[in-house]
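This briefing goes through one protein chain by topic, from its aromatic contacts and charged pairs to its backbone and overall fold. Please keep the sequence and the structure in view while reading.

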Amino acid sequence: PSGVMDQMASMLCTEAHALFLDCRSLAAEQVPLDVAAAGLTVLVVDTRAPHQLTDSAYGARRAACEDAARRLGVPALRDVPVDGLAAALARLEGDEQRRRVRHVVTEDDRVLRTVEALRAGRTAGIGPLLSASHASLRDDYEVTVPKLDVAAAAAEAAGALGARMTGGGFGGCVLALVAVERADRVREAVGRAYADAGFDEPGF
């Protein structure tokens, strides 16, 4: 039960832009993301945690979201407005399903706010949104692993404007938005944090 994000990104992404993709209509917009012009860089941390996107883990989360949408009487959780989230959560049973719904609704809101910031040329302003996204993926959607969390936390502690796992979770990479002059410091900090945790050296 997978989606179209990876395929659409592979076909449509262009240099110095973020792809704003509507997975319902398949409408796509290229949103300027010229990090170099803002004095920033995107540091990609290969956490050396191979993707372990098991059918059961991914499928369980998708099923929980689909069940919640049925309970709430909406076609999909994207149809729950963020200002109606508290009321929606009150109608659900079970903490796990509430956390899954909270992640999806707040993540959609973060995407919209990220696009708004990028359209306005406020590239640095998306950093906190990236970090909030990672925290939600970790705590509410529960798809991170220790290597992802250590990399994101170390990058932020060393001065990254924000850091977030990418992909479907359970492994993969972390993206850190970093001022160019801080990139080496962030890279070294992530390496030290990995060593302290007993992990294999990450790639960058």
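**Aromatic rings**

The structure, which is a predicted model, holds one aromatic pair. Tyr194 and Phe199 make up this pair, and their rings meet edge-to-face, with 5.2 Å from centre to centre and 75° between the planes.

- Tyr194 counts as buried, because its relative accessibility is 0%, whereas Phe199 counts as partly exposed, because its relative accessibility is 24%.
- A charged side chain also meets a ring in this model: Arg187 lies over the face of Phe204, at 5.8 Å from the ring centre.

**Salt bridges**

- The count of salt bridges in the model comes to 17, and three of these pairs, each linking distant parts of the chain, are described below.
- Arg78 forms a salt bridge with Asp22, in which the closest N and O atoms are 2.9 Å apart. This pair links distant parts of the chain, with Arg78 in the loop between helix H2 (55-72) and helix H3 (85-90) and Asp22 in the loop between E1 and strand E2 (28-32), so that the partners are 56 residues apart.
- Arg78 counts as partly exposed at 39% relative accessibility, and Asp22 likewise counts as partly exposed, at 25%.
- The side chains of Arg119 and Glu29 meet in a salt bridge with an N to O distance of 2.6 Å. Here too distant parts of the chain are linked, since Arg119 belongs to helix H4 and Glu29 to strand E2, 90 residues apart.
- Arg119 is exposed, with a relative accessible area of 52%, while Glu29 is partly exposed, with a relative accessible area of 28%.
- Arg100 and Glu142 form a salt bridge through their side chains, at 2.9 Å from N to O. The pair links distant parts of the chain, with Arg100 in helix H4 and Glu142 in the loop between H5 and H6, 42 residues apart.
- Salt bridges that share partners join Asp95, Glu96, Arg99, Arg100 and Glu142 into one network.
- Within that network, is Arg100 buried or exposed? Arg100 counts as buried, because its relative accessibility is 4%, whereas its partner Glu142 is partly exposed, with a relative accessible area of 33%.

**Helix H5 and its surroundings**

- Helix H5 covers residues 127-139, which makes 13 residues, and it reaches 19 Å from its first C-alpha to its last, close to the 18 Å expected at 1.5 Å a residue.
- Which residues of H5 are buried? They are Gly127, Leu129, Ser131, Ser133, His134, Ser136 and Leu137.
- The elements that cover these buried residues include two helices, H4 (95-119) and H6 (146-157), together with two strands, E4 (162-165) and E5 (172-179).

**Backbone with positive phi**

- Ala16 has a positive phi of about 65°, although it is not a glycine, and it is found in the loop between helix H1 (5-12) and strand E1 (17-21). With a relative accessible area of 36%, Ala16 is partly exposed.
- Phe170 also has a positive phi, of about 60°, and it too is not a glycine; its place is in the loop between E4 and E5. Phe170 counts as buried, because its relative accessibility is 13%, and the cut-off for a buried residue is under 20%.

**Overall fold**

- The protein chain has seven helices and five strands, and, read along the sequence, it follows the pattern α-β-β-β-α-α-α-α-α-β-β-α.
- For 204 residues, a compact globule would have a radius of gyration near 17 Å, and the protein chain, at 17 Å, agrees with that value. Taken along the principal axes, its C-alpha atoms fill a box of roughly 50 × 40 × 30 Å.
- Of the 204 residues of the protein chain, 39% count as buried.
- Among the contacts in the protein chain between residues at least 6 apart in sequence, 62% join residues at least 24 apart.

Methods
Residues numbered from 1 in each chain as written. Predicted model: local features only at pLDDT ≥ 70, side-chain atom pairs only at ≥ 80, totals over all residues. Heavy atoms only, no water. Helix = DSSP H or I, 4+ residues; strand = E, 2+ residues; numbered from the N terminus. Expected span 1.5 Å × (residues − 1). Buried < 20%, exposed > 50% of the residue type's maximum accessible area, 1.4 Å probe, protein only. Contact = heavy atoms within 4.5 Å. Phe/Tyr/Trp six-rings, centres within 6.5 Å; stacked < 30°, edge-to-face > 60°. Lys NZ or Arg CZ within 6 Å of the ring centre and 35° of its normal. Salt bridge = Lys/Arg side-chain N within 4 Å of Asp/Glu carboxyl O. Rg over C-alpha atoms; globule rule 2.2 N^0.38 Å.
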